[in-house]
Amino acid sequence: MKAEYAPRIDLVNRTRLETVIPLETPFVVFVDPSDACNFKCRFCPTSDRDLMKAVERPWKQMSFELFQKIADDMTKFPGKVEVLRLYKDGEPLLNKRLADMIKYAKDVGASKRIDTTTNAALLTKERGKAIAEAGLDRINISIYGVNNEHYTNFSGVKLEFERVLANVREFYEVRRNCEVLVKINGDTLSETEKQMFLDQFGDYADKIHIEHIMSCWPEFELRGVNVNQDKGIYGQEIKEVNACPYPFYSFSINSDGLASVCFLDWGRKMIVGDARSESVPEIWNGKPIKSYRKMFLEGKRKEHTVCRGCGQMTHGLPDQIDSYRDNILIKLNSTAYFDGVDESSAFKVKIPSNNIAEFPVSWGSTSEDK
């Protein structure tokens with residue numbers, strides 16, 4: 001096997017957040033090219049059509065014009081954003097202009113690196129070559145089984161496993177300088193099947209890893225799969241973190257331009273800005289996102305309707321700033337960072353209206369043209 005067996009995040013070379021907070025420039029900005037997905041995975045809220053209607057998810061692709069504005073805005077930070085992550089809730093390759101987005105962000109210097117995550121069903125040789133040539137730096141490929149039956153049971157769609165395997169192998173051949181990481185959830189696989197996965201993909205990836213089941217989506221119940229209560233997603237010890245570190249170095253922009261404080265805000269309940277009418281730096285430095293930072297530093301995560309049940313804080317191995325929470329709060333208060341910021345505004349989550357939009361009948365299709 002050519003690939004290094006390693007998780008998709010760097011567990012060793014991580015910046016100690018307590019030494020750099022507050023950040024003038026975020027490390028990571030998530031931008032979602034597509035709110036829709038071609039899979040119906042049991043562990044993901046995006047797979048539940050009725051649920052998506054209830055929370056009024058737009059189920060749309062981000063327009064190229066909006067993306068251009070976001071990329072341009074990102075160049076206005078004092079420093080350069082480390083990673084532009086073209087992924088949040090949906091399948092990025094459903095947006096036919098994904099390669100154009102990558103190239104545009106590269107051309108304007110929006111970030112040091114650009115990465116994305118895909119299920120590879122639409123990663124044809126043509127599409128793969130286009131995103132590689134556009135300058136994609138890293139791709140995380142999620143695999144959902146080692147045969148057709150696995151894919152039907154887990155992803156909820158009929159898909160030829162051999163086609164997915166061919167897509168990954170063909171992309172690896174045209175990847176240029178793009179790092180390829182392939183991962184699978186191993187808790188539903190036998191030891192023989194785990195070895196099959198490594199044998200099938202191990203020579204067509206730079207890194208490969210077998211993960212464990214976690215419930216990362218707040219307020220969403222997994223269907224037909226059980227959370228691993230012995231190990232975290234990367235095999236680490238399960239240990240709860242109280243102060244969520246993510247808003248201190250990242251935030252997300254959904255496909256319609258609304259900004260979420262968290263990449264796990266699938267229900268659009270934690271909106272902190274609008275990239276259509278605000279600049280990206282304005283959102284990053286705005287009072288709404290600061291209210292979440294203040295709430296976490298004051299130790300009130302468990303009082304928040306959404307955040308209190310977040311599995312990412314136990315199973316996801318987030319950076320740990322609990323030990324430094326008080327000192328960080330004192331530091332920020334002394335510099336007037338939180339002047340005019342009321343952490344209680346973080347508790348005012350969005351409540352969907354009764355205006356439920358119709359979803360396209362092609363929901364769940366694996367066709368690139370849907």
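## Helix α11 and its two faces

A residue is called exposed when its relative accessible area is over 50% and buried when that value is under 20%, with partly exposed residues in between. In this predicted model, the face of helix α11 that is turned away from its buried side carries the exposed residues Asn327, Ile330 and Ser334. The helix runs over residues 325–334, and its buried residues are Arg325, Ile328, Leu329 and Leu332. Looking down the axis of α11, one finds these buried residues within an arc of 100°, so they line one face of the helix.

Part of what covers the buried residues of α11 is helix α9. After α11 comes Ala336, which has a positive phi, near 65°.

## The largest nonpolar core

In soluble globular proteins, nonpolar side chains tend to be buried together. Here the largest nonpolar core has 115 residues, and Ile143, Val182, Phe197 and Ile253 are the ones with the most contacts inside it. Helix α6, which covers residues 161–174, gives the most to this core, contributing seven residues.

Val182 can serve as an example of such a residue: leaving out residues up to four places away in sequence, Val182 touches Ile141, Ile143, Val168, Phe197, Phe201, Ala205, Lys207, Ile208 and His209. Two of the partners in this list, Ile143 and Phe197, are themselves named with Val182 among the residues with the most contacts inside the core.

## The loop between α9 and α10

Helix α9 spans residues 287–297 and α10 spans residues 312–315, and His304 is found in the loop between them. His304 counts as buried because its relative accessibility is 0%. Apart from neighbours within four places in sequence, His304 is in contact with Met270, Tyr292, Met295, Ala346, Phe347 and Val349.

Arg308 is found in this loop between α9 and α10 as well, but Arg308 is partly exposed, with a relative accessible area of 47%. When residues up to four places away in sequence are not counted, Arg308 touches Arg301 and Lys302. The C-alpha atoms of Arg308 and Glu219 are separated by 9.5 Å, although these two residues are 89 residues apart along the chain.

## Salt bridges

Side chains of opposite charge can pair when their charged atoms come close. The count for this model comes to 27 salt bridges. One of them joins Glu82 and Arg113, whose closest N and O atoms are 3.5 Å apart. This pair links distant parts of the chain, with Glu82 in strand β3 and Arg113 in strand β4, 31 residues apart. Glu82 is partly exposed, at a relative accessible area of 24%, and Arg113 is also partly exposed, at 40%.

Another salt bridge is formed by the side chains of Lys294 and Glu343, at 3.7 Å from N to O. Here, too, distant parts of the chain are linked, since Lys294 lies in helix α9 and Glu343 in the segment after α11, 49 residues apart. Lys294 counts as buried at 14% relative accessibility, and Glu343 counts as buried at 13%. Salt bridges that share partners also join Asp35, Arg57, Lys88, Asp89 and Arg268 into one network. Within that group, Lys88 forms a salt bridge with Asp89, with the closest N and O atoms 2.8 Å apart, and both of these residues are buried.

## Backbone angles to look at

Most residues other than glycine have a negative phi, and most peptide bonds are trans. Ala120 is not a glycine, yet its phi is positive, at about 75°. Ala120 is found in the loop between β4 and α4, and it is buried, with a relative accessible area of 0%. Arg176 likewise has a positive phi, near 60°, but Arg176 counts as exposed, at 57% relative accessibility, and is found in the loop between α6 and β6.

The peptide bond from Ile21 to Pro22 is cis, with omega near 5°, and Pro22 is found in the loop between β1 and β2.

## A nonpolar patch on the surface

The loop between β1 and β2 also holds Leu11. Together with Val12 and Leu317, Leu11 forms a nonpolar patch on the surface, and the three residues have about 270 Å² of accessible area together. Leu11 itself is partly exposed, with a relative accessible area of 41%.

Methods:
Residues numbered from 1 in each chain as written. Predicted model: local features only at pLDDT ≥ 70, side-chain atom pairs only at ≥ 80, totals over all residues. Heavy atoms only, no water. Helix = DSSP H or I, 4+ residues; strand = E, 2+ residues; numbered from the N terminus. Buried < 20%, exposed > 50% of the residue type's maximum accessible area, 1.4 Å probe, protein only. Contact = heavy atoms within 4.5 Å. Arc of directions from axis to C-beta. Core = buried A, V, L, I, M, F, W, Y, C linked by side-chain atoms within 4.5 Å. Patch = residues over 30% accessible without salt bridge, like charges linked within 9 Å, V, L, I, M, F, W, Y side chains within 5 Å. Areas by Shrake-Rupley, 256 points an atom, 1.4 Å probe, with all protein chains shown as cover. Salt bridge = Lys/Arg side-chain N within 4 Å of Asp/Glu carboxyl O.
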